[in-house]
Amino acid sequence: MTKHDTALSADQLMKLLTSAGALGFEIVDVAGFFDRLSELSASQRHSVSELILETQTVMEKTDSVDFAGQGLSQAHEEAQAAAMRTISGVRASDQTAREVASWVHELSSRTSSIDDTLEAVRSNNQLIAGVARQVNILAINAKIEAARAGDLGRGFSVVANAINELSQQTSTAAVQISDSVDNLANWVLEIAEESQNIAAQAAEVIDKSTENDVNLTQLQATLKASQSQMSKIAEDIEQMRHAVARFGPSVTDIDGSIQETTEGIADARARTDRLVDISEEMVQSAAAAGGSTFDTPFITYVQSAAAQISQRFTEAVAKGEISEEALFDIAYTPIPNTNPKQFTTRFTEFTDQNLPEIQEAALAFDASVVFCAAVDLNGYLPTHNHKFSRPPSDDPVWNAAHCRNRRIFDDRVGLKAGRNVAPFLQQTYRRDMGGGEFAMMKDISAPIYVGERHWGGLRLAVHF
């Protein structure tokens, strides 16, 4: 068996690398789709969870409203019964007031008749008094004549004395009657005046009682309508309670379905990650076997640039420009008022002074190069290209695209690039540009060392 029979040719390696790269692209694109599905599924499940809680709350509130509605309905029935009793009482009172008012009105009329009668009595009494005076005069004359007649007029004198006494008594009685009639007339006059005032008030009472009767009739109708509405509300509450009771289990079933879908998406996403790893291993293996593709110049370039940074870092520590402890500092200090959050470490100022010369040169290497930036073992990117190191604004979407320095990229690609110790690592990923925008990239990285100690990696992002 010849060497040609056991080894892949250069063309075969190139085809393998190209196929592995294309496979990686497709898998990453599918992984991005799963990421979006996972986000949507998580959002839906969160919404359904909230809906379940809200449904439980609505059910509890419905039961409370139902209980309160029953109590309110009972209270309303009792109030309506009390109101109806009150209405009956008020109407009875109004009827009594009408009768009293009518009687007072009649009394006013009757006092006028009494006054006329008293006037007649007074006139007759005056006649009696006049007659009594005439009789008294006649009695006096009779006594005089009896005295002249001597013994013959003695009997006539007795009669004259009796008549005189009667006339005096009649005169006295007439005076008493006149006084009594005057008092009675004054009393009747007062009653007449009072009855006239009361009659006016009684007329108002009659008017008010008529108005009250109209209002009470309307109130009675309103109470009946209100009771009808209360009954309708009670029916609606009962229907709503049953509807919510039926709705709850349906929402729970939906939540279970979404949970299964979420778990399935997570499993599919994990499998795509493994496929991505496999495709990247295929590229690594083919490249290590001597394969060459369109990406080979970028691999060579990033390895060379990473070696320059390694040398620069190692020399700086040796010269005391920065301590090794400071260069490996992982105490990331948040920068206030930054969104997305930015951080500083004890080596940030050092990388700002030493990395731009190497990183900016990479942008001129090829037009397809998007960025070149070093990250430490945790994906922290202290110093980015100038075009991605703009001062942050109040717009987080704009910042995500233009303020990418001093950020921690601890996603799968960022961490693998920072922790890879192989001669190079080629990854395919969707770069988050902010605002829901993504760009498909190839991330080619090479490790950075400080002496024998692994510091991180240099990332070179290339457009497809």
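# Exercises on rings, cores and buried polar side chains

Residues 24 or more positions apart account for 71% of the chain's contacts with a separation of 6 or more, a contact being heavy atoms within 4.5 Å. The model is predicted, so local features need pLDDT of at least 70 and side-chain atom pairs count only at pLDDT 80 or more, while totals for chains, interfaces and linings use all residues. Residues are numbered from 1 along each chain as its sequence is written, and side-chain values use heavy atoms, with hydrogens and water left out.

The chain holds 9 helices and 8 strands; these are DSSP runs numbered from the N terminus, helices (H or I) of at least four residues and strands (E) of at least two. Buried residues make up 35% of the 464 residues, where buried means under 20% relative accessible area, exposed over 50% and partly exposed in between, with a 1.4 Å probe and protein chains only.

## Exercise 1. Classify two aromatic pairs

Task: assign the geometry of the pairs Tyr301 with Phe365 and Tyr332 with Tyr380, and locate the partners.

Solution.

Step 1. A pair of aromatic rings is described by the distance of the centres and the angle of the planes. Rings of Phe, Tyr and Trp (its six-membered ring) pair if their centres lie within 6.5 Å; planes under 30 degrees apart are stacked, over 60 edge-to-face, and the rest tilted. The structure holds 8 aromatic pairs.

Step 2. For Tyr301 and Phe365 the centres are 4.3 Å apart and the planes are at 25 degrees, so this pair is stacked. Tyr301 belongs to helix H4 (residues 296-319), and Phe365 to the loop between helix H7 (356-363) and strand E3 (369-376), 64 residues away. Tyr301 is partly exposed at 21% relative accessible area, and Phe365 is partly exposed at 35%.

Step 3. Tyr332 and Tyr380 are 5.0 Å centre to centre with 45 degrees between the planes, a tilted pair. Tyr332 is in the loop between helix H5 (324-327) and strand E1 (333-334) and Tyr380 is in strand E4 (residues 380-381), so the pair ties together parts 48 residues apart in sequence. Tyr380 is buried, at 0% relative accessibility.

Step 4. Tyr332 and Tyr380 also belong to one aromatic cluster with Phe313, Phe347, Phe350 and Trp455.

## Exercise 2. Describe the nonpolar cores

Task: which elements give two or more residues to the largest nonpolar core, and which element gives the most?

Solution.

Step 1. A nonpolar core is a set of buried Ala, Val, Leu, Ile, Met, Phe, Trp, Tyr and Cys residues joined through side-chain atoms within 4.5 Å. In the largest one there are 32 residues, and those with the most contacts inside it are Phe313, Leu327, Ile448, Trp455, Leu458 and Leu460.

Step 2. The elements giving two or more residues are H4, H5, H7, E3, strand E7 (437-450) and strand E8 (453-463). H4 gives the most, with 8 residues.

Step 3. Buried residues of H4 include Phe298, Val302, Ile309 and Phe313. The end C-alpha atoms of H4 are 35 Å apart, which agrees with the 34 Å expected for its 24 residues at 1.5 Å a residue, the expected span being 1.5 Å times one less than the number of residues. After H4 comes Gly320, with a positive phi near 80 degrees.

Step 4. A second, separate core of 12 residues includes Phe371, Phe409, Val413 and Tyr429.

## Exercise 3. Trace the surroundings of two buried polar residues

Task: which side chains make polar contacts with those of Asp443 and Asn354?

Solution.

Step 1. A polar contact is a pair of N or O atoms within 3.5 Å; within protein, one must be able to donate a hydrogen and the other to accept it, and residues adjacent in sequence count only if both atoms are side-chain atoms.

Step 2. Asp443 lies in strand E7 and is buried, with a relative accessible area of 0%. Its side chain makes a polar contact with the side chain of Arg459 at 2.7 Å.

Step 3. Leaving aside neighbours within four places in sequence, residues in contact with Asp443 include Phe371, Val413, Tyr429 and Leu460. Phe371 is in strand E3 and is buried at 3% relative accessibility. The C-alpha atoms of Phe371 and Asp443 are separated by 9.7 Å, with their positions 72 residues apart along the chain.

Step 4. Asn354 is in helix H6 (residues 348-354) and counts as buried at 14% relative accessibility. The side chain of Asn354 makes a polar contact with that of Arg312 at 2.8 Å. A polar atom of the Asn354 side chain also lies 2.8 Å from the backbone oxygen of Phe350.
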